[in-house]
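Here is a brief structural report on a single chain. It moves from sheets to domains, then to the core and the backbone.

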Amino acid sequence: MKKSLTQFFALVFAMSLLTNCIREKPYDLIIRNGKIYDGTGAEAFEADIAINGDQIIKIGDLQNSKAAKQIDAQNLAVAPGFIDLHAHIEPLLTLPGCESLIRQGVTTALGGPDGSGPWPLGDYLDTLETVGIGMNVAFLVGHNTVRKHVMSLDQRAPTADELAQMKQQIEQGMKEGAFGISTGLKYLPGAFSEVDEVIALSKVASAYGGFYTSHLREEGLGLIDAVREAILIGREADIPIVLTHHKVIGKPMWGKSVKTLALVDSARNLGLDVMMDQYPYDASYTSLSIILPAWARAGGEEAFRERTRNPKLRDSIRSGTVFNILNDRGGADLRRVQFAKVDWMPALEGKTLHDWAISKNMEPTVENGADLVIEAQLNGGARCIFHVMDENDVERIMQHPQTMIASDGRLVAPGMGHPHPRWYGTFPRVLGHYVREKKIITLPAAIHKMTGMPAKRLGLADRGTIAEGMKADMVVFDPEKVIDKATFENPHQYPEGIDYVLVNGVLAVDKGKFKDHRSGNVLKKN
Ligand SMILES: [Zn+2]
């Protein structure tokens, strides 16, 4: 009897030790005293957040709890990690740390925009998992990618067999993990496709729960029809759509965002699921070839060269280019076209088409500009910044409740060419310039546009908001200091005011310093 009583008390003692031990076991990380913007658009609240592993475990008053590591977020904002819905992350294998996006607070990026994307997707995703990457990535399957596989750069409709092959490839991409289909209808070979083809392929993506995101067929004179086309595709293919990097290009169209946003509203009123994303700049960045007429480049670069040797065709190419300089991405002024990446003449990087004309002793006329564009294309092309948007359109689009923030930036490191500043500054610029300085949108709204909204579009149930049980993708920043530093003149500048970034619970930015921990995951839809 006595022995068993001793045993009983020994057991009780052991159990109390155990429960004490469980209660006192410190969390991996506690973020204390921050103002939490939870990503839903709600106002901030003050609380502590405890994290174990890659998960948010507890939110509340945790002053009596211990943690292996603590962050004092007094006077700082705590938000879900930003989700970049339009990212050119093709250099992932050379820049797997993803510093240029992570230092903006981005913890998840969606690749494969504008109709392009890695192929075959499944193999590529396997490689990324093996290499290890700094942030979470997801991908779209590209219309241009599959059209090129099946039809090269042919300017014609697909045969029934070719369409079947493209559908099969979209299906393969969706099965291998794509979140939807992207189109780049301004680019080759997407520009050669009719709407029926895009609808047929989008139906396949829709069947797998994907969404449709489009670099529209036109963003200048043809913008209104292009928005209508995207909405038609959404309706006919029964697929949620995103008008990506929504903007208004070229002086004749400035102010027309009133119309495009009205089209979005009326489509939504009819029950269509239409959203937009936007980068916060009044200049775009793309290939210089965008101001050449598309037909001139059908069949590829050799075919283009051949056409320029035919005086009659060359004249048509020149007049088509003059038209685009006047009405579209040329902005009617050669100073609005700035070279960014020129492999055959790096000295041009940072200079404008106007500068190049002057250096060649040419009058900086629109006609001479067109000749120079053709010359540049024959030399191997160039990437350019086009200063052709109106700030009023940028702000109006940003204020629309269905507009998300996305960078359209390429992964980059200091010294690589002369990039668009959005590659380094998109998210801090919205928070510092448009929220704090210009008061265009509120801080909770801005964070919602960077987190909860894109997470919902992607269908990510465990990211994009701060709540117990969610993945610990987070950013801690100073709302009074956060700002972009990259400019068009001096783009290789990291932003300021982003103090901590957590990717799956791991500090990828710690006290403002980047840490190359590669804690990102490859996300797959199916
Ligand atoms: Zn684009």
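Two strands count as paired if DSSP finds at least two bridges between them. This is a predicted model. That pairing rule underlies the strand statements below.

**The six-stranded sheet**

One open sheet has six strands in the order β10-β11-β12-β13-β14-β18. Its pairing is parallel. Strands β10 (141-142) and β18 (403-405) stand at the edges. Each has a single partner strand, so one side of each is left without a neighbour in the sheet.

Inside this sheet, β11 (residues 180-184) and β12 (residues 211-215) run parallel and are joined by five bridges. T183 stands opposite S214 in β12.

A helix covers part of the picture here. Helix α7 (residues 223-237) lies across β12, β13 (241-243) and β14 (274-278). The helix runs at about 170° to β13.

**The three-stranded sheet**

A second arrangement to examine is an open sheet of three strands, ordered β15-β17-β16. Here the pairing is antiparallel. β15 and β16 stand at the edges, each with a single partner strand, so one side of each lacks a neighbour in the sheet. From one strand to the next, the twist averages 30°.

Strand β17 (residues 383-386) pairs with β15 (residues 284-287) in the antiparallel sense over four bridges. β17 also pairs with β16 (residues 337-341), again antiparallel and over four bridges. The residue pairs listed here involve β17.

| Residue | Bridge partner or opposite residue in β17 |
|---|---|
| S287 | R383 |
| F339 | C384 |
| V337 | F386 |

Are the faces of β17 covered or open? Both are covered. R383 and I385 are buried on one side, and C384 and F386 are buried on the other.

**Domains and their contact**

The domain assignment of the chain gives three domains. Domain 1 spans 2-79. Domain 2 is assembled from 81-282, 389-460 and 471-483. Domain 3 covers 286-386.

Taken over C-alpha atoms, the centres of domain 1 and domain 2 are separated by 38 Å. The contact takes 19 residues from domain 1 and 15 residues from domain 2.

Which elements give two or more residues to the side of domain 1 that touches domain 2? They are β1 (27-36), β3 (55-60) and β5 (77-80). The largest share, three residues, comes from β5. By class, this side of domain 1 has 12 nonpolar, five polar and two charged residues.

**The nonpolar core**

The largest nonpolar core has 148 residues. V78 and V476 have the most contacts inside it. Helix α7 gives the most to this core, with seven residues. This is the helix that lies across β12, β13 and β14.

V476 deserves a look of its own. Its neighbours within four places in sequence are left aside here. Beyond them, V476 is in contact with I31, G34, I71, A73, L76, V78, D499 and Y500.

**Backbone points to check**

Two cis peptide bonds come next. The bond from W119 to P120 is cis, with omega near -10°. P120 sits in the loop between β8 (106-111) and α3 (121-131). A cis peptide bond also joins L188 and P189, with omega about -5°. P189 lies in the loop between β11 and α6 (195-207). Strand β11 is the one joined to β12 by five bridges.

Positive phi values follow. Phi of C98 is near 60°, a positive value in a residue other than glycine. C98 is found in the loop between β7 (87-88) and α2 (99-102). Why does C98 count as buried? Because C98 has 27 C-beta neighbours inside 10 Å, and a residue is buried if 20 or more other C-beta atoms lie within 10 Å of its own.

R518 is not a glycine either, and has a positive phi of about 50°. R518 is found in the segment after β23 (513-514). Is R518 buried or partly exposed? With 16 C-beta neighbours inside 10 Å, R518 counts as partly exposed.

Terms used. Residues numbered from 1 in each chain as written. Predicted model: local features only at pLDDT ≥ 70, side-chain atom pairs only at ≥ 80, totals over all residues. Contact = placed C-beta atoms within 7 Å. Axes fitted to C-alpha atoms, helices over the stretch in contact; angles between N-to-C directions. Domains from an automatic or database assignment. Nonpolar A, V, L, I, M, F, W, Y, C, P; charged D, E, K, R; others polar. Buried ≥ 20, exposed ≤ 12 C-beta atoms within 10 Å, placed from the backbone. Core = buried A, V, L, I, M, F, W, Y, C linked by C-beta atoms within 7 Å.
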